[in-house]
Amino acid sequence: MLRSEQDQFLSYNGEVLVFQLSKPKYAEEADDKTMNLCVRRMVFNRDTKLFVQKSSGVFSMGASDSKIEMICCSCTTDSRTGIILPCILMKQKKRNNVKYFSLLLHSSNQFEPSFYFKLDYELKEDIRLFAGPSLLWRHANKLFYISSNTRVVQSAPVQLSSVVWTGDIVGEGTVVLGIRSACLPQTEDADGFSVSDRAIWGSEFFGYAIQTQKMLTGTCFMPHAYSRVVSSVYICKSERLKKQLRVSLVAITHKNQLIWFQNGVPKGVCELPYEKPCSVKPALTSSSDLLFVVSFASGNSCAVQRRDSLQVASKWQKVKCVLVDDFIGSGSEQLLLLFKDDSNTDVLSTFKITDLGEVNYASGINYKHDAPAAEGLQENGLLTVRALETRLQAGWTSVRELQQHLRLQKRVILQSCRALIDLVEERTHILPNSKEVKCRKWARSPLRLVSLWDDVENPADSLSKETLLASKVPEHFTEELWQRVVGDSLVVGVKLTESFYLSLCDVSLSLVMDQDFTSISPVIKCQSKIIKLTKAFSALAVSSNQIEPPPKKMKLDLHSKNDLKKEVPKRSSRIQLEGAQTVTAVTSLSPLLAFHRVCCLVLLHARKQNHQSDSLQQSKKITVLCGKILLSLEDISNGRYSVKMLRDNSYCTGSMEDIFAVLAVSVRFSFQIVSRDCTLTPISSWLLGEMECTPFKECQDNIFCHKAGNIHGTIFNWALKNPFEGVLAIFCRNVTVLFQCLHSLTRVLPPRCCVKLVRSGSKGVLTEQLALALEKEMLTLKNSLFLKETKAESSLTWGTELGKKINNAPLASLLDTEEGVQQFRKEMQNEREESVRSMNQTMDGALYQKMALKLAEAQLSSDMIVWRL
């Protein structure tokens, strides 16, 4: 194919895309009006050191009474899938107007029309393709743009003389950085230097966010004094620290300079070797050096290196095009320079691939004969070293993750040991005497450990006993006691001081009615949760007690008013979260409203931890009075304790207590979403658009749903592991709301998308845990029986001594006479009776309680795992 002056070159995933316009070979007649846009995918062959064609594609266009041209091409993000694709802008000029249209190139070499528009003038100034795909241009000092979503030409309300950069900035979306005439304020503001600077130079830098239509201050990019000389800019890095935009960029000027700016301050300057620089692009080479490739209007190029200072590393003349990509597949970027060569018709006949280091390939060299024999070995050695460096970094990362896992495992084991010791040695429940016990079993209800004894203590007496067993606590251990009403639930929260909370474990709350009601139990059924919330809290930071199986034996006595406490006791948490300071209790609101006005005591139950030299010490159970709450039907009707989640400047303004209350009554579901073909960018748009969600001001990773209906009040947490995989956590009131959210989500998910519910444990892990639990139960039973036999044998010393005497006596002498036989028979009878008495030995009550408690704990653990399976 003949080379044309309109050929466009683009690098894409290590390939070189060559776009060419031509007429079909079969149609040479004058009446044929068809034009073909051809694309060739060229890849570098490391054996022949030449570019070879990988594949090709053709797009036919009707060119009746018109002239078709290629304007520009670039790699842009497809807003539908989030995948970066090559995009080319075409122009079809007719007599009265000019038609422009964009084409997307897919991996199958198929062209897809994206958008088109007509103008009565030609595009000539500051034409930029960016994500969408979208197109931006400048005409008559006005800014115009169009995207594939709107497909309507729009104008920005700004006047500008030039566009120096277009791209994405963190938190702002697509931003246009331009230069305009200075717009001085009427009064002097705090930024006095910026105002005087604009007044002196008469022009200023400004940023315009296209999606939000917001103006950005130009001084965060560079001082206004440079607005008269800067021609092009490339922003290397942008971030937000404490709501301030920090930008690192390089700029080329009409004075043949390249300047490095950091947060609006010049940090370095380099004199360029040629005149009229027009564009600059970065390249990250194998030695992690950052290069800036500058192209000039004269067809020359140079590379500027940034180490201690900016300096020209290399320069080339008669360069047609400079591309940056990983052309040799080494894992880092190289420069591909295409030189002008009128003698050769092949578009990639004269080239050079270099990273200004070890990589250096050029056309026209016979590597098999001219190059030294050691070049291949040197190249292989270089690639091996890079691979080893990559493996070393990956290995070091794995080692750090393993160390963190071991530290976490050690903490889990220590906490488990403390919990086991507390459960076995420090139970505050007063057990009956062993003589009254024939069979003792313990079961765990969904709220706490309870005893299924026939004898039930009086709730008031039990409360006083727990209070007597309480340890000394600091005078000011609570920071705040609050209450909220969410739907039909009452949420009571206690914020503890950090020093007090870190010394506790197994923390929970219970509510006790302060009034004297003789017909019901004063203990209110409630559910406790420990919530850890920071400015960017994770969805995994809400820990609640795991739902447990119902007890195997339940005593139902309708005539006993005290059984209510046994059936609905307080719920204790078995999970301790570092840094968590807020404990909540949730109870049903309707029963309390029957009393019109009720006063409740808020009690905190926990175990006080004692640590000495990392050894496990005994812990004591404490019960502390946190305060009282008053609840009346009048206050609830006036909305005094209602949760207020309002919108304010794209944020949700709920207080921390409101957030805690919503999380306390919600159930958490996590879903792993994986998409193979498309990125998961539509999920963010779905949350902010269709679901009408806004992020919390205190924790912007989590967003609150304001959509009317049952979904209102749902909290979402969307975390992306990579563009194709993420985890969506949904905090909702019930399963019905969950189904509604998932039904709405399925309509926006990309095709062939996999959604998987993330569970707490796999079947294989639970099976292994069950085997260990059964083994522990068997060993506990064996040790208990062995302990009983040892105690029984130790109490029969005289029988053992008699047996020894019989065994040691000469048997023949006893059996020689009749008296000896009678004596032997009598001794044998005595030993038989003593053996029968040893089998019927009773055991001490305290020893039996200890054995039964250990055995019940082992059985409870295995039963729990079986229920989960």
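## Helices, a hairpin and one serine

Reader: Which residues of helix 8 are buried?

Author: A residue is buried under 20% relative accessible area, exposed over 50% and partly exposed in between, with a 1.4 Å probe and protein chains only. Helices (H or I, at least four residues) and strands (E, at least two) are DSSP runs, numbered from the N terminus. The buried ones in helix 8 are Glu 657, Asp 658, Ile 659, Phe 660, Ala 661, Val 662, Leu 663, Ala 664 and Val 665.

Reader: Hang on, what kind of model is this?

Author: Residues are numbered from 1 along each chain as its sequence is written, and side-chain values use heavy atoms, leaving out hydrogens and water. Local features need pLDDT of at least 70 and side-chain atom pairs count only at pLDDT 80 or more, while totals for chains, interfaces and linings use all residues, as this model is predicted.

Reader: How much of the whole protein is buried?

Author: The protein has 15 helices and 49 strands. Out of its 869 residues, the buried share is 45%.

Reader: Why are the buried residues of helix 10 said to be on the same side?

Author: Helix 10 covers residues 735-746, and its buried residues are Val 737, Leu 738, Cys 741, Leu 742, Ser 744 and Leu 745. They sit on the same side of helix 10 because, going by the directions from the helix axis to the C-beta atoms, they cover an arc of only 160 degrees.

Reader: And which exposed residues does the other face carry?

Author: Part of the cover over the buried residues comes from strand 44, helix 9, strand 47 and strand 48. Turned away from that buried side, the face carries Phe 739, His 743 and Thr 746.

Reader: Is Ser 11 buried or exposed, and which backbone oxygen does its side chain reach?

Author: Ser 11 lies in strand 1, and its 14% relative accessibility is why it counts as buried. Contact means heavy atoms within 4.5 Å; setting aside neighbours within four places in sequence, Ser 11 is in contact with Cys 75, Leu 323, Val 324, Asp 325 and Phe 327. At 3.3 Å, its side chain reaches the backbone oxygen of Val 324.

Reader: In the hairpin of strand 15 and strand 16, which residue takes a positive phi?

Author: Strands pair if DSSP finds at least two bridges between them; here four bridges join the two, which run antiparallel. Gly 207 stands opposite Leu 216 in strand 16. Four residues lie between the strands, and the one with a positive phi, near 55 degrees, is Gln 213.

Conventions
A polar contact is a pair of N or O atoms within 3.5 Å; within protein, one must be able to donate a hydrogen and the other to accept it, and residues adjacent in sequence count only if both atoms are side-chain atoms. The expected span of a helix is 1.5 Å times one less than its number of residues.
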